[in-house]
Amino acid sequence: MFRIAYSALSLISSSLVLSLLPWFVRYKNVPGLFTVGWLFIVNFLYGINAAVLDKETLLRVPAYCDIVTKLFLGLQIAVPMAMLCYVFSIYDWMVRPKERNLRIKYLEHRGTFHAALCFFTPLAYMVLRMLFT
């Protein structure tokens, strides 16, 4: 019974996380997009794990478990990286309030930097963790 409720709550929360997606796309909020993406993936995987692995201790698909474990490790780095990008944005907003007309090119570069930081840092962590453990 608990596993069914846990699975349902995980799948409901993954769909609720997706409800924020249009707002982040509209305002081109790169850290928000990556946060929504990572949280959706992890909540969905928690729901699948709770539904499929109900009362089973026998490991039938070891490759699936390895992949999911690496994704969970990536989440541990991805969400703090997205929050760090938010901190960079807030710092920018506080330090440079007067330079509003020259910011279009800068905002494009900042979006690229945020995308690289939010994607490649967790990916590098997952790869290095896979290689050295």
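1. Welcome to this predicted model. A good place to start is helix α3, which passes helix α4 in a left-handed crossing (the near helix is turned anticlockwise from the far one by less than a right angle; helices are DSSP runs of H or I with at least four residues, numbered from the N terminus).

2. The two helices, α3 (residues 30-52) and α4 (residues 62-95), pack at about 150°, and their axes are 9 Å apart. Axes here are lines fitted to C-alpha atoms over the stretch in contact, with angles from 0 to 180 degrees between N-to-C directions. The pair is therefore roughly antiparallel, a term for angles over 145 degrees.

3. Which residues of α3 meet α4? Among them are Trp38, Leu39, Val42 and Tyr46, and the α4 side includes Phe72, Leu75, Val79 and Met83. Contact means heavy atoms within 4.5 Å.

4. The count of salt bridges comes to one (a side-chain nitrogen of Lys or Arg within 4 Å of a carboxyl oxygen of Asp or Glu). Arg110 and Asp92 form this bridge, at 3.5 Å from N to O. Arg110 sits in helix α5 and Asp92 in helix α4, 18 residues apart.

5. Do look at Met130 in helix α5 (residues 103-132) too. Met130 belongs to a nonpolar surface patch of about 820 Å², along with residues including Phe119, Leu123 and Phe132.

6. Some notes on reading the model: residues are numbered from 1 along each chain as its sequence is written, and side-chain values use heavy atoms, without hydrogens and water. Local features need pLDDT of at least 70 and side-chain atom pairs 80 or more, while totals for chains, interfaces and linings use all residues.

Notes: Patch = residues over 30% accessible without salt bridge, like charges linked within 9 Å, V, L, I, M, F, W, Y side chains within 5 Å. Areas by Shrake-Rupley, 256 points an atom, 1.4 Å probe, with all protein chains shown as cover. Parallel < 35°, antiparallel > 145°, perpendicular 65-115°, else oblique.
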